[in-house]
Amino acid sequence: MNVLKLDKLSKTYATGDTALNQVSFEVPAGQVLGLIGPSGAGKSTLIRCINRLVEPTAGSITLGGTDLAQLQGAALRRARRRIGMIFQEYALVERLTVMENVLSGRLGYVSLWRSFLRRYSPDDVSKAFSLLEQVGLSQHYNKRADALSGGQRQRVGIARALEQDPELLLVDEPTASLDPKTSRQIMRLIGDACRERHLPAIINIHDVMLAQQFTDRIIGLRAGEVVFDGPPSGLTDEV
Ligand code: ADP
Ligand code: ADP
């Protein structure tokens, strides 16, 4: 079972700003955790520590028994492939097709270019196609990413993350650029995917109403510390 465990995770930037101060919590498999808090609370830093875009100052980050905070080089690159990322601005390659963008989740972009020479394996393609069916985009598989709407782009983002067979999903403000109805559809898709696949997920989300409606548990951060941890129904105005 995939469990993500943060133990006394701290980050102080070179500037002296302490973004995270001994943050500890565990996200079990299949749980969708909403991370909320005012700007500057440390939400992005927390997500970036887990995928090691930011170096933690202290503490551990355990996923399936491995301490991600200790990994370097090839082991870190392998571990990153186990983490599916979904971004606010989608981060698609605009001039590639929907299908190619999804395949890049598994192969990475460098291998993706190489694989143009040897063609994709039929298994990769059929898997990508079924993921596109799951997110409701299979009829657009051959469209270029730059021809899609925001909601469609985020569906590609979700399929690309799932193509990696991730053990964890990290989701950074997935709906910040979307209208309310599309936002709800996207949150539902992410939640369903995590529960079906028994993945722990952390969703950094500033929209408290969406967090309450679509997550299983909410953690409120303020000035780098956990100030709320509980069911969405228990959230009070102070958080
Ligand atoms: P949030 O995502 O909740 O808005 P951040 O993680 O971006 O919060 O920021 C938390 C704190 O860390 C803030 O005080 C911010 O100024 C500081 N911080 C974030 N990134 C950096 C950085 N690269 N260098 C120095 N300080 C940073
Ligand atoms: P522009 O943005 O100038 O119109 P394109 O984005 O169409 O150019 O293409 C830029 C480069 O990427 C070209 O070399 C093109 O062959 C290549 N390219 C575009 N789309 C694809 C694709 N789906 N698969 C592989 N290569 C592509």
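The legends below describe three close-up views of a predicted model. Residues are numbered from 1 along each chain as its sequence is written, and side-chain values use heavy atoms, with hydrogens and water left out. Because the model is predicted, local features need pLDDT of at least 70 and side-chain atom pairs count only at pLDDT 80 or more, whereas totals for chains, interfaces and linings use all residues.

**View 1. Crossing of helices H4 and H5.** The axes of H4 (residues 122-134) and H5 (residues 150-163), which are lines fitted to C-alpha atoms over the stretch in contact, come within 9 Å and cross at roughly 140°. H4 and H5 are therefore oblique to each other, a term for angles that are not under 35 degrees, over 145 or 65 to 115. In H4, Asp 124, Lys 127, Ala 128, Leu 131, Leu 132 and Gln 134 meet Ala 159, Leu 162 and Glu 163 of H5, where contact means heavy atoms within 4.5 Å. The residues of this contact divide into five nonpolar, one polar and three charged.

**View 2. Packing of helices H5 and H6.** Here the axes lie 10 Å apart at an angle of about 10°, and H5 and H6 are therefore roughly parallel to each other. Gly 151, Gln 154, Arg 155, Ile 158 and Leu 162 in H5 meet residues of H6 including Thr 182, Ile 186, Leu 189 and Arg 197. This contact comprises six nonpolar, four polar and two charged residues.

**View 3. Lining of the second largest pocket.** This pocket (an open set of points on a 1 Å grid where a 1.4 Å probe fits, with protein on both sides within 12 Å along at least five of seven lines) holds about 150 Å³ of space. Among the residues that line the pocket, having an atom within 4 Å of a point, are Asp 179, Arg 184, His 206 and Met 209. Helices H6 (180-197) and H7 (208-214) each supply at least two residues of the lining.

Notes. Chains are lettered from A and ligands numbered from 1 in the order in which they are written. Grid points are joined across faces, edges and corners, and a volume is the space filled by probe spheres set on the points. Helices (H or I, at least four residues) and strands (E, at least two) are DSSP runs, numbered from the N terminus. Axes are lines fitted to C-alpha atoms, for helices over the stretch in contact, and angles run from 0 to 180 degrees between N-to-C directions. Ala, Val, Leu, Ile, Met, Phe, Trp, Tyr, Cys and Pro count as nonpolar, Asp, Glu, Lys and Arg as charged, and the others, Gly among them, as polar.
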